[in-house]
Amino acid sequence: MSWTPVTWLYVPGDRPERFAKAVASGADVVIIDLEDAVAPAAKDAARQNAVAYLRSRPRTSGQVHVRVNDLATARGRDDLAAVAQVADAVRVPKVESAAVLDTVPAATPVFALLESAAGIVAAREIAAHPRVAGVALGEQDLAAELTVTDEQAMNHLRIQVVLAAAAAGLPPVAMSVHPDVKDDAGLLASCRSGRAIGMFGRTAIHPRQIPLIRQAFRPSEEETARAAEIVAAAERAEAAGVGAVALPDGRFVDAPIVRRARRTLSLARRLTDTA
């Protein structure tokens with residue numbers, strides 16, 4: 001994936017009438033869920049629905065991933081065998097070691113979901129696996145296992161995964177779903193808190209959350225203006241053939257700051273008028 005998604009939308013695998021609507025929702029990535037969103041009796045049908053849609057979808061449609069069931073189960077392995085060649089990527093739940101990912105076909109990108117204490121402890125090993133295109137947190141399962149209710153404690157766990165992803169050269173970690181689809185203020189505040197600790201983008205469970213997530217991760221006017229100033233100074237330095245980048249106020253910035261400023265401008269352009 002050559003760009004970093006901002007919004008990821010889950011759609012239950014047993015609701016095939018929603019698949020095309022989810023793709024048309026404006027989400028960067030749609031995730032057909034065969035796991036938690038589907039009752040046990042409907043899981044076989046959900047898998048069939050996902051495969052049928054993925055085989056027939058228009059080539060111009062956006063990214064569609066599939067969350068399979070736990071690969072420690074026969075159902076999860078059957079899910080993987082059915083969707084690996086037709087999905088743009090698979091999301092594997094309850095990953096606790098890198099070894100479980102060896103069963104994924106080499107050409108299939110994997111997003112590993114860390115949902116347990118064991119998964120967090122093994123985060124760096126998992127993130128470094130060659131199949132892994134990204135890692136994410138399953139926060140509700142993790143909080144339940146650890147009986148964590150404090151937000152600072154959760155941030156400590158999140159930062160461990162952020163570090164593991166960065167160390168492995170993976171994209172930034174997207175935030176887990178905000179389960180209250182009517183809590184707009186809570187969603188925005190939570191997104192901004194996650195952004196402050198290095199997370200980027202978020203999974204959603206309802207299309208109405210997508211514009212709010214875009215809004216929360218869009219650079220502010222102040223951030224955009226500051227980035228534009230840095231990029232302009234860098235371009236002046238390049239044109240003059242000098243290595244040092246000096247801002248109008250006399251401060252100097254180095255190459256990583258310039259790269260970050262360019263990313264900020266690119267993101268601001270991408271999210272303009274879409275939040």
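**Salt bridges and covered strands in a predicted model**

I would like to begin with one contact, in which the side chains of aspartate 28 and arginine 214 meet in a salt bridge, with 3.2 Å from N to O. This pair links distant parts of the chain, since aspartate 28 sits in the loop between helix H1 (19-23) and strand E2 (29-33) while arginine 214 belongs to helix H9 (residues 210-217), 186 residues apart. Aspartate 28 is buried, and arginine 214 is buried as well. Please keep in mind throughout that this is a predicted model. A search of the whole structure finds 14 salt bridges, and I will go through a few of them before turning to the strands.

Let me move on to arginine 67. Which residue does arginine 67 meet at 2.7 Å? The partner is aspartate 33, and the 2.7 Å is the separation of the closest N and O atoms in that salt bridge. Here, too, distant parts of the chain are linked, with arginine 67 in strand E3 (residues 63-67) and aspartate 33 in strand E2, 34 residues apart. Is arginine 67 buried or exposed? Its relative accessibility is 9%, and because buried means under 20%, arginine 67 counts as buried. By the same cut-off of 20%, aspartate 33 is buried, its relative accessible area being 2%.

Arginine 67 also meets the side chain of glutamate 35 in a salt bridge, at 3.4 Å from N to O. Glutamate 35 lies in the loop between E2 and helix H2 (43-56), whereas arginine 67 is in strand E3, so this pair ties together parts that are 32 residues apart in sequence. Glutamate 35 and arginine 67 are both buried. Through salt bridges that share partners, Asp33, Glu35, Arg67 and Lys94 are joined into one network.

That brings me to strand E2 itself, where five of its five residues are buried, which leaves the strand mostly covered. Both of its faces are covered, with Val29, Ile31 and Asp33 buried on one side and Val30 and Ile32 buried on the other. As for its neighbours, E2 is joined to strand E1 (residues 7-12) by five bridges, and these two strands run parallel; within this pairing, valine 11 has isoleucine 32 of E2 as its bridge partner. E2 also pairs with E3 in the parallel sense, over five bridges, and there the bridge partner of valine 29 is glutamine 63 in E3. Taken with the intervening helix, E2, H2 and E3 make a right-handed β-α-β unit.

Strand E5 (residues 110-114) can be described in a similar way, being mostly covered, with five of its five residues buried. Its two faces are both covered, as Val110, Ala112 and Leu114 on one side and Phe111 and Leu113 on the other are all buried. Strand E4 (residues 89-92) runs parallel to E5 and is joined to it by three bridges, with valine 92 standing opposite alanine 112 in E5. E5 pairs with strand E6 (residues 132-137) as well, again in the parallel sense and over five bridges, and valine 110 has valine 132 in E6 as its bridge partner.

Finally, a word on the record. An unreviewed UniProt entry carries the annotation "domain: HpcH/HpaI aldolase/citrate lyase" over residues 8-207. Over those residues the chain of the model is 38% helix and 16% strand, and the end C-alpha atoms are 10 Å apart.

Notes: Residues are numbered from 1 along each chain as its sequence is written. This is a predicted model: local features need pLDDT of at least 70, side-chain atom pairs count only at pLDDT 80 or more; totals for chains, interfaces and linings use all residues. Side-chain values use heavy atoms; hydrogens and water are left out. A salt bridge is a side-chain nitrogen of Lys or Arg within 4 Å of a carboxyl oxygen of Asp or Glu. Helices (H or I, at least four residues) and strands (E, at least two) are DSSP runs, numbered from the N terminus. Buried means under 20% relative accessible area, exposed over 50%, partly exposed in between (1.4 Å probe, protein chains only). UniProt positions are given in the numbering used here, feature names are shortened, and annotations may be inferred rather than shown by experiment. Two strands pair if DSSP finds at least two bridges between them. A crossover is right-handed if, with the strands pointing away from the viewer, the path from the first strand over the helix to the second runs clockwise.
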